[in-house]
Amino acid sequence: MEVKIKKIEDMSLNAWPSHKMELYDGWILRFSYFYTHRTNSVEQFGTSTLPWREKVSYCEHVYKRLGTPAIFKISPLVSQDFDYTLENRGYEIQHTTNVMTLRLSAARLDVSCRDVTFTDNIPDEWIESLFSLKGTANPIHRAVVPSMYRAIPKETICASIRRDGRIIATGLGILDRDYIGIYAIHVREDYRGHGFARQICTGLLKKGMKKGAESAYLQVVEGNTPARRLYESIGFRQFYTYWFRVQPQE
C-alpha cells in the first residue's frame with residue numbers, strides 16, 4: 001500500500017508545480033503566494049538526516065521571509081510522531097483531503113460527452129475561465145498561476161464546456177505512467193446539477209484510456225459531498241487521506 005501511495009504522491013507533485021521550490025534534506029519547500037495549500041507547503045519526499053526541530057524552524061524562517069505561515073503536508077507516508085511534533089508547536093489541521101482511485105476497466109463511463117471540447121494544451125482562455133469559476137481575484141495569483149500550469153511536465157488533456165460562447169465548466173487530465181490524474185473540475189454555479197461535471201470526468205477518463213492509462217486518481221476536499229458522490233458514481237473509491245498542519249499566527 002505504501003508503494004502505491006508514494007507513486008500517487010510523486011505523480012501529484014509532477015501534476016501541480018509551484019511558483020518557487022527549494023529542496024532541503026529530503027523535503028521540498030513549495031511557495032506560490034498561498035494560492036493553494038498544496039502549492040504553498042512542505043512535502044517530505046526523501047530520506048531526512050537532520051533533526052525535525054531544526055528543520056521545522058528553518059522552514060518557519062523561510063516562509064516568514066516569504067510572507068506566509070509555514071504549512072506541512074501530512075500524508076500516510078509521514079511519521080505520526082512528526083504530526084504530533086507540529087501539534088505540540090500549536091499547528092492546526094486545515095484542508096483535509098481524500099485521495100480516491102479507480103481501475104479504469106471498472107469505470108462507469110456510459111455518459112455522452114458531446115458537450116465537451118478537448119485540447120492537448122492549456123489555453124489562456126481556459127485558465128482565465130478557471131479563475132472566474134473559482135472567484136480568483138488576487139492579482140498576484142492571476143499573474144503567476146498561468147506559468148504554473150505551463151510548467152506541468154506531463155502530457156495534459158484540457159476539457160471545457162461552453163454556453164453562449166463562454167466556458168462554464170472545466171477539467172484537466174494529467175497523464176503520468178499508467179495513471180491519469182483528474183484536476184480542476186469546476187462548473188459555474190448557475191449551471192450545476194446538469195451533469196456537466198460528469199461529462200467532463202467521463203470524457204477525460206475515456207481520453208486517458210485511449211492514451212494508455214489503466215488507473216485514475218483524484219483529490220477531493222473533505223466535506224465536498226456533491227463531488228464525492230459524483231466520483232463514487234463513476235467508480236472512484238477512497239484510498240487514503242492527507243491534511244495540512246498550519247503554523248499558528250502571532
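Q: Before we discuss loops, what are the helices and strands, and from where are they numbered?
A: Helices are DSSP runs of H or I with at least four residues, strands are DSSP runs of E with at least two, and both are numbered from the N terminus. Please note also that this is a predicted model.

Q: Good. Where is Arg177?
A: Arg177 sits in the loop that runs between strand S8 (166-176) and strand S9 (179-187).

Q: What is its phi?
A: Although Arg177 is not a glycine, its phi is positive, at about 55 degrees. As background, most residues other than glycine have a negative phi.

Q: Is Arg177 buried or exposed?
A: Arg177 is exposed, because its relative accessible area is 51% and the exposed class begins over 50%.

Q: And Ala184, what is the phi there, and which element holds it?
A: Ala184 likewise has a positive phi of about 55 degrees without being a glycine. Ala184 belongs to strand S9. With 17% relative accessibility, Ala184 counts as buried.

Q: Changing topic to helix packing. How do H6 and H7 cross?
A: Helix H6 (residues 196-210) and helix H7 (residues 225-234) have axes that come within 11 Å, with a crossing angle of roughly 45 degrees. The two helices are therefore oblique to each other. The handedness of the H6 and H7 crossing is right-handed.

Q: Which residues meet there?
A: From H6, the participants are Ala197, Arg198, Cys201 and Leu205, and they meet Leu230, Tyr231, Ser233 and Ile234 of H7. By class, the residues of this contact comprise 6 nonpolar, 1 polar and 1 charged.

Q: What about H4 and H5, at what angle do they cross?
A: The axes of helix H4 (residues 124-134) and helix H5 (residues 139-150) come within 11 Å and cross at roughly 130 degrees. That angle makes H4 oblique to H5. The H4 and H5 crossing is right-handed.

Q: Who is in that contact, and how many are charged?
A: On the H4 side are Asp124, Trp126, Ile127, Glu128, Leu130 and Phe131, which meet His141, Arg142, Val145, Pro146, Tyr149 and Arg150 on the H5 side. The contact of H4 with H5 contains 7 nonpolar residues, 1 polar residue and 4 charged residues.

Q: Pro146 interests me. What does it touch?
A: Leaving aside neighbours within four places in sequence, Pro146 is in contact with Ile127, Phe131 and His141.

Q: Is Pro146 buried or exposed, and why?
A: Pro146 is buried, because its relative accessible area is 10% and buried means under 20%.

Q: How far is it from Arg229?
A: The C-alpha atoms of Pro146 and Arg229 are separated by 30 Å, and these residues lie 83 residues apart along the chain.

Q: Over to Ala15. Where is it, and what is around it?
A: Ala15 is in helix H1 (residues 2-15). Residues up to four places away in sequence aside, Ala15 touches Ile152, Ile174, Tyr183 and Tyr217. Ala15 counts as buried, at 2% relative accessibility. The C-alpha atoms of Ala15 and Asp176 are 8.3 Å apart, while the two residues are 161 residues apart along the chain.

Q: Now electrostatics. How many salt bridges are there?
A: A search of the whole structure yields 18 salt bridges. One of them joins Asp25 and Lys55, whose closest N and O atoms are 3.0 Å apart. This pair links distant parts of the chain: Asp25 is in the loop between strand S1 (20-24) and strand S2 (27-31), Lys55 is in helix H2 (residues 52-66), and they are 30 residues apart.

Q: How accessible is Lys55?
A: Lys55 has 0% relative accessibility and therefore counts as buried.

Q: Which residue pairs with Asp115?
A: The side chain of Asp115 meets that of Arg163 in a salt bridge (3.6 Å, N to O). Asp115 lies in the loop between strand S5 (92-103) and strand S6 (116-119), and Arg163 lies in strand S7 (residues 155-163), so the pair ties together parts 48 residues apart in sequence. Arg163 is partly exposed, at a relative accessible area of 28%.

Q: What about Glu155, which partner does it have?
A: Glu155 and Lys211 meet through their side chains in a salt bridge (2.9 Å, N to O). Glu155 is in strand S7 and Lys211 is in the loop between H6 and strand S10 (215-221), so that the pair links distant parts of the chain, 56 residues apart. Glu155 is partly exposed at 42% relative accessibility, and Lys211 is partly exposed with a relative accessible area of 41%.

Q: Last one: which residues are joined into a network by shared partners?
A: Glu9, Arg30, Glu43 and Lys73 are joined into one network by salt bridges that share partners.

Key
Residues are numbered from 1 along each chain as its sequence is written. This is a predicted model: local features need pLDDT of at least 70, side-chain atom pairs count only at pLDDT 80 or more; totals for chains, interfaces and linings use all residues. Side-chain values use heavy atoms; hydrogens and water are left out. Axes are lines fitted to C-alpha atoms, for helices over the stretch in contact, and angles run from 0 to 180 degrees between N-to-C directions. Angles under 35 degrees count as roughly parallel, over 145 as roughly antiparallel, 65 to 115 as roughly perpendicular and the rest as oblique. A crossing is left-handed if the near helix is turned anticlockwise from the far one by less than a right angle, and right-handed if clockwise. Contact means heavy atoms within 4.5 Å. Ala, Val, Leu, Ile, Met, Phe, Trp, Tyr, Cys and Pro count as nonpolar, Asp, Glu, Lys and Arg as charged, and the others, Gly among them, as polar. Buried means under 20% relative accessible area, exposed over 50%, partly exposed in between (1.4 Å probe, protein chains only). A salt bridge is a side-chain nitrogen of Lys or Arg within 4 Å of a carboxyl oxygen of Asp or Glu.
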